[in-house]
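Please open the model in a viewer and keep the sequence panel visible. The tour below proceeds by selection, with a short account of what is found at each stop.

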Amino acid sequence: ETGVELDKAGGIKTDAGTLKAKNAHHVLAAGDVTVDMGLVSVADMEGRHAVEEAFGTKNPSTPLTYDSVSSIMFLRPEVSCVGMNETEARRRGIAHKVAKLRLDVVNRVGIDWTL
């Protein structure tokens, strides 16, 4: 028994802003075993932070933050995003501007509707 606290889905709960498991700080959790976003880019970032934490090489000026996580949806055309969305910016009280671009004005977009 490691003393690791799990959520209802079986993910390892971590202390806010760290990868240390709640109630078991000797355990670092990253990627699919956490309750965070299930994205490859998140797992990669958490894995790098976990290794740096484990080997004592973590730079305190680069905290673990999910504000600039990228994600991609493998559609046709592919869609991706990075950073926070409008709802999160509004929740944090951050001034923001929303811009929308019609895909038919982007010359690199080609949609194959036969797929």
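**Helix α1 and its buried side**

Begin by selecting α1 and displaying its side chains: Val-42, Met-45, Glu-46, His-49 and Ala-50 are the buried residues to highlight. These residues lie on the same side of α1, because they cover an arc of only 135° around the axis. This is a predicted model, and that should be kept in mind at every stop.

Next, add β2, residues 24–28, to the selection; the buried residues of α1 pack against this strand. Then rotate to the face of α1 turned away from the buried side, where the exposed residues Val-40 and Ala-54 are found.

The length of the helix may be checked with a distance between its end C-alpha atoms. Helix α1 comprises the 15 residues 40–54, which at 1.5 Å a residue should span 21 Å; the end C-alpha atoms are 21 Å apart, so the two values agree. Just after α1, select Gly-56, which takes a positive phi of about 70°.

**His-49**

Return to helix α1 and select His-49 alone. Is this residue buried or exposed? His-49 has a relative accessibility of 10% and therefore counts as buried, the cut-off for that class being under 20%.

Which residues does His-49 touch, if those up to four places away in sequence are not counted? Select Leu-19, Lys-58, Thr-62, Pro-63 and Leu-64 to display these partners.

**The hairpin of β1 and β2**

Now select strand β1, residues 20–21, together with β2; the two strands run antiparallel and are joined by two bridges. Within this pair, Ala-21 of the hairpin stands opposite Ala-24 in β2.

Two residues lie between the strands of this hairpin. Select Asn-23, which is located in the loop between β1 and β2. What is the phi of Asn-23? The angle is near 65°, a positive value in a residue other than glycine. Most residues other than glycine have a negative phi. With the surface displayed, Asn-23 appears as an exposed residue, because its relative accessible area is 62% and the class begins over 50%.

**Ile-12, before the first strand**

Move towards the N terminus and select Ile-12, in the segment before β1. Ile-12 has a relative accessible area of 15% and is therefore buried. Add Ala-30 and draw a C-alpha to C-alpha distance: Ile-12 and Ala-30 are 8.9 Å apart in space, while 18 residues separate their positions in sequence.

**The whole chain**

Finally, select the entire protein chain and colour it by secondary structure. There are two helices and four strands, and from the N terminus they follow the order β-β-α-β-β-α.

Colouring by burial gives a further view: of the 115 residues in the protein chain, 18% are buried. The protein chain exposes about 8900 Å², of which carbon and sulfur atoms supply 55%. Among contacts between residues at least 6 apart in sequence, 28% join residues at least 24 apart.

Colour the chain by pLDDT as the last step. The average for the protein chain is 80, and 85% of the residues score at least 70. Where is confidence lowest, and where is it highest? Strand β3, residues 70–73, has the lowest confidence, with a mean of 75, whereas helix α2, residues 86–91, has the highest, at 90.

Terms used: Residues numbered from 1 in each chain as written. Heavy atoms only, no water. Buried < 20%, exposed > 50% of the residue type's maximum accessible area, 1.4 Å probe, protein only. Contact = heavy atoms within 4.5 Å. Areas by Shrake-Rupley, 256 points an atom, 1.4 Å probe, with all protein chains shown as cover. pLDDT = per-residue confidence, 0-100. Expected span 1.5 Å × (residues − 1). Arc of directions from axis to C-beta. Pairing = 2+ DSSP bridges.
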